[in-house]
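I set out to keep a short record of what I looked up in this structure. The entries follow the order in which I worked.

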Amino acid sequence: MAKVSKKNSHKKKLMVSCGDPAISEGDQQLLYEDEEEEQGGMDRAEEETMSSEEDEGEDERKRQKLLEGIRSLGGKRKKALGERSEAAGQMSEFSVNPDGGPGKVQLSDLIGSLEKTPAVPAKSKKQLKNLQRSKKTIESPLSKQETERIQRHTAFQKAASEVSRWDGVITQNQRAEQLLFPLNRDPAGPRPVERLVVGWKARTPLEQEIFALLSANKQPLIDPILTPAEEASVKAMSLEEAKIRRAELQKARALQSYYEAKARRERKIKSKKYHKVQNKAKRKEFLKHFEEMVRMDPAVALQELNKMELARMQERMTLKHQNSSKWAKSKAIMAKYDEEARKAMQQQLEMNKELTQRLITPLNDDDDEEEEKEEAAADEADMLPDFVNNAVDGRDASNPWMKGKLSAEPAQQQLSDALTEAAQASVSEEEECQAGETEEEALLGEFNSRRKLHQAQESDAAGGVLPEEVTEDRAAAVESEASDSDDSCLLESPSISRGRENVLKETKATDHSERSALMEERLMRIRTVEDLELLPHEPSDEPSQPPTTKAPPSEEKHLSKRKKKGIELKEVLTKETKLIKVPFTPTVTDSEDPEAKIDQRGLIKEAFAGDDVISDFLKDKRRKEDEGKSKVIDLTLPGWGDWGGVGLKPPKRKRRRFRVKSAPPPPRKDQHLPSVIISEKRNTSVSLHQVHSLPFPFENHAQFESCIRSPLGRAWNTERTVKKVTKPRVVTQLGAIIDPMAEEELLKSNKKVVASS
Amino acid sequence: MKVKVLSRNPDDYVRETKHDIQRVPRNYDPSLHPFEVSREYTRALNATKLERVFAKPFLASLDGHRDGVNCLAKHPRSLSTLLSGSCDGEVKVWNLTKHECVRTLQAHEGFVRGMVVRYCGSSFFTIGDDKTIKHWKMEAPGYGEEEEPLNTILGKAVFTGLDHHQKSAVFATCSHQVDIWDEQRSTPIRSFTWGVDSFSSVRFNPVETELLGSCASDRSIVLYDMRESTPLKKVIMTMRTNTISWNPMEAYYFTCANEDYNLYTYDMRYLENPVKVHVDHVSAVLDVDYSPTGREFVSASFDKTIRIFPKDSASSREVYHTKRMQHVICVKWSADSKYVLSGSDEMNIRLWKANAAEKLGVLSPREKQAIHYSQKLKEKFQHHPQIKRIARHRHLPKVIHHQRNELRVMKEARRRKEMNVSKHSKPGSVPVVSEKEKHVVSVVK
């Protein structure tokens, strides 16, 4: 029975829950309690009452009524609470829905109670209040893709900047005249045995003791190896740096000695005039310098001024110029007769006047006395430029003394280099032969050579202009003569200048030069030198390209044909010519003033007033035509098959028989062109070897020609120059492994940059 | 009586010892040495001719593999050692001076996909189709010892590319992702993915050693930094890239061998356009390797040729081929920059000179000088048509020659069409796209 009742109760429960869906959870709980009670009651009453199904139905109804009654007591309906209608994982039992809803808990709800609790510190209360006041919400995090993109971007920026460190090294290597690989070559020469032998150990107690002592004092364990301190110092200054430094010091020393020698020499000179002039020059120089100093550095200038004032005061005090000295007296006696002496006196007086006037003028002693001279010499020694003593900063561009070899002139432009190379070569040669001489002489030699170099450069600069003019002239001549084509030189390329005119042609030419690096890949194999001769002469690309520029010439042809009818050569040229004034095109550009030009023009006009140019031209043309005409060649041999001798002529029959007429030449191209002579004698055998368009790195043909003209061989250059000129661009060592570039190169280049700046 | 006699001081012309250099009196008077340009031109012409006559680049062929050679690895410390892996999983170690195989080991089942020697040269890594990475000792095992790897790592997918870090015990592999491995661990310390691709090769930058580049089957080249958690950048090209190679002297340049017959040199900072497009091959380029001087690189192609390109030239300076050489799969430039090694389909490894006409061995100083002089002469007169014609001539097999001509025609036709299109459309509506821009689809950041 119990089972049955249980079942029933279940049913009831179901009914309740199904029947009233709006029923709240709280009520449900209540219901459960009721049911439990009921169940308990029923269990207890199990034996006594045999309850029937009808009874139950009645009970049910009563209960419903009761419940309704209770509900109606409250007046208003209770709030409907959220109901669990489907399985949700995060359903809270405190009726807080994940989707907010009416039961959303505000922060203020929670904090409200905090106000009253004394246990919470005031500070946190304040913080909480602040938190409550601020309405800001934190932004939702970016999506994964976006964050990754940002990360990638930053990472790439980092990597790119890191890689860009190598910019300097890379450009340096690209510009370098010669690259030596492997980059970090071991210094030549044998390595110490101690480095090669490893794994040796101290075994005996004595040895151990000694080594302990040595290591405690940081002494080198093996004799020739350096102490750590020494090694550090060696590392601090690399070989090249040390070399540079040494060279600088040497140079400074040489300069100093040179100055000293010069000063000594000058001091020994007895000529008073020399010293006078010298002093004057110095004063002038100083004045100039002083003006500059006033502008640049007023404080120092003031000091100098004071010094000068002091000197002047001393000068005034000495009464040197008062005409009271021995010298002055003697001069006064001589002044009557001697112009010179009078002049000297005058000067002296002027000087006196100047001195006695209260004027601030820089005045050095221009006395001729011995002590003074000595002083001057000493001054001179003092006035040695600072760098002589410093000798550290050797790269001062403004300083003419420091422009020597050691400061390693930056790589000039290659072409200008090529121009000056000869000069440099001579310099270097001189240097070489002077190596054995004294420092002073070496220095003098260096100065000489530098001067020479300057001269050479200047002359080169002049020379650079000259050939251009010449070639221009030549080009003009070529154009006027319509290419007489006897230019046998390999390099002359008149077509360069001509090619410029035609844009299409030019673009094609550049194309061609671009392609010059291409290999010409063919089916033919080369095995011998003879094979090379068989290579096709024209580049293979040209036939494949359709002749795009053909059309206009054909059109021109048509035109000329049409025109041909109208023009009759003889008529045109024998008619009286109309004078058309065309300004003369200057063949040679002269830098003279325009008036002179006009004058010259007039002069030329005058000079050629009587010339009949046209008839000359016609004669010329006729001669050319006649030359080309077929000639009759007489091949008769007097005395052949006949009697011969003085006065005997071969018979007429034979003469006729052996007279041969050569084939007529092809018609001349200028046949129908009245005012043109076209020469067809171009030497094709030479043109095969000529360059027809300006190759890429060159900007004008003068440049190219000068490059070709300078020979490289040892018949024309000194040994040293040849070596320098034929230096290969990349040098690798046989059997040496070339490692990739390492960080150290970066440091090295940085050091170089620092040193040069 | 006075007798006049010619007399010379022997000091002027006799050497003190026989080890002294002979004194050569010279007169540099230019009138004594006329026609300098013509004479030098003739010399240059002769030098060029001789260069072509002496251009015999092929040195040796190393045979012994029983399947196509799939990968090569050079030894970082020894010039005479070369490793090669073939398609049957065999790895051979060669002695190049003797032209003989020193050691053979069956490393994998299936292809040996990649091989790299550790930077110290004491051991090497191989990857294969059996999804394993194996670490081998460089020395051959002693007598009676088994040929066994030091370490074997079993991966999840087939590895397709392998490279080792320049200085530390880290290597990288690629399969469906790029993994960075520590030699001591059996799981990758880092793996990079970016979309779903399969990668074909991965290479460490030899200068900036933490950077890597890889090429994927989605036609992209992806750059990585080993220290970062994400890849850096990706450039997608019109066709698939097979291999990339970093310039060992210029940190930010790399060259990639592409399926579209071209090679592209990129500056890694500006991936939008390649710095140079290297054309000349007539089939897919399979491998590329830089010369250790960083001035040239060699490429191997499916068209059975090897070409050498100067790094900043669009066309090759040299093409190598032999009758029996089939598709060249891998190529390496030797560490002293004098030789080129190629492994091809028909099981042979070939040794070539990097400069075809170079005389090998130790040269006497005079020889050296003469070579330098003639080199400079050739350079000086390189623009003269005769010299250019001879210097440029190369023999090509018929097939390749025809293919090249065909490609030229196609290219010309395409160009003509483009020109016509732009000519007959509104000015400005058809943009002019340069050759460099044509091959890059997009750069993904």
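**Entry 1: confidence**

I began with chain B, which averages a pLDDT of 94, with 100% of the residues scoring at least 70; pLDDT is the predictor's confidence in each residue, on a scale from 0 to 100. Within chain B, I found the lowest confidence in helix 5 (residues 435-438), at a mean of 90, and the highest in strand 24 (residues 306-310), at 97. Helices and strands here are DSSP runs numbered from the N terminus (helices are H or I with at least four residues, strands are E with at least two). For the complex, I noted an ipTM of 0.91 and a pTM of 0.58 from the predictor.

I recorded the conventions next. This is a predicted model, in which local features need pLDDT of at least 70 and side-chain atom pairs count only at pLDDT 80 or more, while totals for chains, interfaces and linings use all residues. Residues are numbered from 1 along each chain as its sequence is written, chains are lettered from A and ligands numbered from 1 in the order in which they are written, and side-chain values use heavy atoms, with hydrogens and water left out.

**Entry 2: surface patches**

I looked up the patches, which are made of residues with over 30% relative accessible area and no salt bridge; like charges are joined within 9 Å, and nonpolar side chains (Val, Leu, Ile, Met, Phe, Trp, Tyr) within 5 Å. Accessible areas come from the Shrake-Rupley method with a 1.4 Å probe, and for residues only the protein chains shown count as cover. Lys and Arg count as positive and Asp and Glu as negative, whereas His and the chain ends are not counted. The place of a charge is taken as NZ of Lys, CZ of Arg, CG of Asp or CD of Glu.

Which residues form the negative surface patch that includes D12(B)? I found D11(B), D12(B), E16(B) and D20(B). D12(B) lies in the segment before helix 1 (36-54) of chain B. D12(B) counts as partly exposed because its relative accessibility is 47%; buried means under 20% relative accessible area, exposed over 50%, and partly exposed in between (1.4 Å probe, protein chains only).

On chain A, I noted a positive patch on the surface made by K272(A), K273(A), K276(A), K280(A), K284(A) and K288(A). K276(A) belongs to helix 12 (residues 272-296) of chain A, and its relative accessible area of 43% makes it partly exposed.

I also noted a nonpolar surface patch of I633(A), L635(A), F658(A) and V660(A), with about 320 Å² of accessible area together. L635(A) sits in the loop between strand 3 (632-634) and helix 28 (652-657) of chain A and is partly exposed at 47%.

**Entry 3: salt bridges**

Side chains of opposite charge can pair when their charged atoms come close. I counted as a salt bridge a side-chain nitrogen of Lys or Arg within 4 Å of a carboxyl oxygen of Asp or Glu. The structure holds 39 of them over all chains.

I examined E177(A) and K727(A), whose closest N and O atoms are 3.8 Å apart in a salt bridge. This pair links distant parts of the chain, 550 residues apart: E177(A) is in the loop between helix 7 (167-175) and strand 1 (179-180), and K727(A) is in the loop between helix 31 (719-725) and strand 5 (730-731). E177(A) is partly exposed at 45%, and K727(A) is partly exposed at 29%.

How many residues separate R312(A) and E309(A) in helix 13? They are three residues apart, about one turn of that helix (residues 298-318), and their side chains meet in a salt bridge of 3.8 Å, N to O. R312(A) is buried at 1%, and E309(A) is buried at 17%.

In chain B, I found a salt bridge between K74(B) and D289(B), with 3.4 Å between the closest N and O atoms. K74(B) is in strand 2 (residues 69-74) and D289(B) in strand 22 (residues 285-290), 215 residues apart. K74(B) is partly exposed at 29%, whereas D289(B) is buried at 8%. I then noted one network, joined by salt bridges that share partners: E51(B), R52(B), E296(B), R317(B), E318(B), K378(B) and R394(B).

**Entry 4: contacts across the sequence**

R52(B) is in helix 1 of chain B and is buried at 8%. R52(B) and A356(B) are 304 residues apart in sequence, yet 8.6 Å apart C-alpha to C-alpha.
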